[in-house]
Structures are given as C-alpha cells and as structure tokens.
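Work through the exercises below with the structure open. Try each task before reading its solution.

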Amino acid sequence: MTERAVVQQDFNGVYFAHKDKVWRLVSRYAHSKHDREDLFQEVWLRVHQSLAKFRGESEVSTWLYRLTVNTSLSFLKKQSRQQRIRQVLAGLRFIEHDDGPRDEPDTAVMEPLKKLNPRQRIILLMSDVEEKKLEEIGKLLDLPVGTVKSNLFRAREIVRKELEKNDRLQ
Amino acid sequence: MIDYNRYIEQLKAHEAPVDHDLLYTKVQARLSRSFPVPRLALVGALAVLALAFGIYYGARLQQPQAAVTDDEVVMSYVFESEKNIDGPVVSYVLANW
C-alpha cells in the first residue's frame, strides 16, 4: 500500500470516529452555515496534511481538539480582518455595505458571541461551554494564564451586557 | 432576563444541523484539489530550470563571437562596443589595410 493510501485510510478512520465532535466545536465557533462548513473542511484539510506527522504521543482526540481550536482561531481572525477591510472599503464607497454572510435562524443563540473578538470567543467557549481549565486553555492557545483569565473576564462581561440588551429589546 | 448560566446551557445544547454525507463529499473534493500541489511544484521547478537554461544560453549569445577563417584569423568582438575594439582583429586589419 502506498503512503498516500495509508494516510487516506487513517484519515477516514479518524474522520468517521470524530466528525461529530469536530462539527459540534466548529458550529459553536462559526456563525453562518457557510462559515461552519468552510471551517469544518479547513480542519479536515489540516488533519490530512498533519496526519503523517502525528506520532501518537497524545490521544488522537486531544491532538484533534488542539488542531480544531487553532484552525478555528486562525479562521476567525482572518474573517475578522476581512470584515474590517469590507467596512473600510464600504466607508470609502468602493463597495456596497455588507454585513457578511446572513445567519439562519438556528444561530440566534450565537448572537451575543458576535460582540467578542476571536480570542475572547474561543476562550469563553473553551472555559464555560467545554469546561476546560484555564491552564489547559493557556497551553492549547499558547497564552499565559493571566491573559486567558483577563480575556475570559472581559468576554463574560460583554456577553452579560448583550443578554441584558437583548432582553430590553424584546 | 435570561441569566448567564442559562445562556451557557443553551450554548452547550446548541448544535447546528448537518448533512454529514454532503460534508464528507465536500471534504474529499477539497482534499483532491489539494493534491495537485506536488505536481504544481514539479511544474514550477521545471519552469525555473527552463528559465535558467534560457538565461544561460541567452547570456552566451551575448558573448563576443569568434570564428576561424581559412587563414586562421580569429574574427571576434562583433558585439563589443566601439571603444572596446582593440585587439588582434583590429591589429590584423590595420596591418593588412
């Protein structure tokens, strides 16, 4: 069997064993259907690229979690940059004003998270939804615990304000 | 007001609907598109090689050309600029004028 065939076989094994977990994570990190699917594909593309280098020093699920989180963070940062550029260009009237992809109703629960920057969003989800310890988050994101803590504090504050605001509007 | 903890519970329960068969097809399509990279790298390397040969032979054509006549007189410097024309050919021409 060729190396490529082995990688493909391993890939399929990992994919079918973990696709649901990865989907659950990316559906929290990305808002629109388009973004979720794009991010999901991006994660598996990276898995395929990195699989040959995976030495089995950690559990596949741990390795995959780390890879998903890091891919999501890069994805969200890239999106945030593009959004800023779109706003600047719209301000200069080079393009029509566009808020980006429209969300479908099932992501209404994600609305308050939109006010967070990519790092705050990932940290809040990892800490409060995925129930990871601060030290673990710091290790995964390569950040000092103090930075994780301050981002989490700020993120919770923003979400609480958003929940209050939404309540007033209803 | 929905409190923070209840909101987090909603987030935990949230999972967007998914068609895994369709997604798997999309992932495979992305993967097959990523395979041409080594092939593209090979084409790129060949193009660089061809360019290097081109530059090398092009540079050689720019060199002063030499030829040998029946009298074994070297005809050269045809691409030399006027101020550089000085050497055996010019000496020969001047001597046999």
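**Exercise 1. The interface**

Find how many residues of chain B are in contact with chain A, and which elements of chain B they come from.

Solution. Start with the count: 20 residues of chain B are in contact with 22 residues of chain A. Next, assign the chain B side to elements. Helix 1 and helix 2 (20-34) of chain B are the elements that give two or more residues to it. Then rank them. Helix 2 of chain B gives the most, with seven residues. Last, sort that side of chain B by class: 12 residues are nonpolar, four are polar and four are charged.

**Exercise 2. Confidence**

This is a predicted model. State its scores, then locate where confidence in chain B is highest and lowest.

Solution. Take the global scores: ipTM is 0.75 and pTM is 0.65. Now turn to chain B. Its mean pLDDT is 75, and 67% of its residues score at least 70. Then go element by element. Confidence in chain B peaks in helix 1 (residues 4-13), at a mean of 90. The minimum is in strand 1 (residues 67-68) of chain B, at a mean of 52. Keep the reading rule in mind: where pLDDT is low, predicted coordinates should not be read in detail.

**Exercise 3. Positive phi**

Glu131(A) and Asp142(A) each have a positive phi. Place each residue, then decide: buried or exposed?

Solution. Take Glu131(A) to begin with. Its phi is about 55°, although the residue is not a glycine. It lies in the loop between helix 4 (118-129) and helix 5 (134-141) of chain A. Count neighbours: 10 other C-beta atoms lie within 10 Å of Glu131(A). The cut-off for exposed is 12 or fewer, so Glu131(A) is exposed.

Now Asp142(A). Its phi is near 60°, and this residue is not a glycine either. The loop here runs between helix 5 and helix 6 (145-169) of chain A. Asp142(A) has 7 other C-beta atoms within 10 Å, so it is exposed by that cut-off.

**Exercise 4. A helix residue**

Locate Asp38(A), explain why it is classed as partly exposed, and give its C-alpha separation from Phe75(A).

Solution. Asp38(A) sits in helix 2 (residues 33-50) of chain A. Count its neighbours: 18 other C-beta atoms lie within 10 Å. Buried needs 20 or more and exposed needs 12 or fewer, so Asp38(A) falls in between and is partly exposed. Finally, check the pair. Asp38(A) and Phe75(A) are 37 residues apart along the chain, and their C-alpha atoms are separated by 9.3 Å.

Notes: Residues numbered from 1 in each chain as written. Chains lettered and ligands numbered in written order. Predicted model: local features only at pLDDT ≥ 70, side-chain atom pairs only at ≥ 80, totals over all residues. pLDDT = per-residue confidence, 0-100. Helix = DSSP H or I, 4+ residues; strand = E, 2+ residues; numbered from the N terminus. Contact = placed C-beta atoms within 7 Å. Nonpolar A, V, L, I, M, F, W, Y, C, P; charged D, E, K, R; others polar.
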